[in-house]
Amino acid sequence: MQITINLPDEIASTIQEKWDNFPRKVVECLAIEAYRQGVITSAQVGRLLNLSSRYEVDSFLKQAGAYLHYDEADFEQDLITMEKIMTQGNPEL
């Protein structure tokens, strides 16, 4: 999909002076906000921005302040899983 954005010339000029690659920056901003709102996954961020590894995606999102979605319910589920592993004596640990 190709999207066209209409901006007043003075605003476009000001932005282009500050951002070297304005079109790339627009796509990055879109990716960050979509990730923050849970619209796309980190894997989709990587594909959208053509990042070659998960580590690049994680670094990009961290620099943008868009951290992994991990809430109290996730933490509690991890605790339950850990407890099961500990009581079952997983030989792989």
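**Exercises on a helical core**

Ala-31 is in contact (heavy atoms within 4.5 Å) with Ile-40, Val-45, Leu-48 and Leu-49, where residues up to four places away in sequence are not counted. The model is predicted, so that local features need pLDDT of at least 70 and side-chain atom pairs count only at pLDDT 80 or more, while totals for chains, interfaces and linings use all residues. Residues are numbered from 1 along each chain as its sequence is written, and side-chain values use heavy atoms, with hydrogens and water left out.

**Exercise 1.** Determine which elements give two or more residues to the largest nonpolar core.

*Solution.* Begin with the terms: a nonpolar core is a set of buried Ala, Val, Leu, Ile, Met, Phe, Trp, Tyr and Cys residues joined through side-chain atoms within 4.5 Å, and buried means under 20% relative accessible area, with exposed over 50% and partly exposed in between, for a 1.4 Å probe and protein chains only. Next, list the members: the largest such core has 12 residues, among them Ala-31, Ile-32, Val-45, Leu-49 and Phe-60. Then assign them to helices, which are DSSP runs of H or I with at least four residues, numbered from the N terminus. The elements giving two or more residues are α2 (22-36), α3 (42-49) and α4 (54-63), and α2 supplies the largest share, 4 residues.

**Exercise 2.** Establish how the buried residues of α3 are arranged about its axis.

*Solution.* First identify them: Val-45, Gly-46 and Leu-49 are buried in α3. Seen down the helix axis, the directions from that axis to the C-beta atoms fall within an arc of 100°, so the buried residues line one face of α3. Finally, ask what covers these residues: the cover includes α2 and α4.

**Exercise 3.** Compare the surroundings of Glu-28 and Ile-32, leaving aside neighbours within four places in sequence.

*Solution.* Glu-28 is found in helix α2 and counts as buried because its relative accessibility is 18%; Glu-28 is in contact with Leu-49 and Phe-60. Ile-32 is likewise found in α2 and is buried, with a relative accessible area of 13%, and Ile-32 touches Phe-60, Ala-64 and Ala-66.

**Exercise 4.** Classify the pair formed by the rings of Trp-19 and Phe-22.

*Solution.* Rings of Phe, Tyr and Trp (its six-membered ring) pair if their centres lie within 6.5 Å, and planes under 30 degrees apart count as stacked, over 60 as edge-to-face and the rest as tilted. The count by this rule is 1 aromatic pair. The ring centres of Trp-19 and Phe-22 are 6.0 Å apart and the planes stand at 40°, so the pair is tilted.
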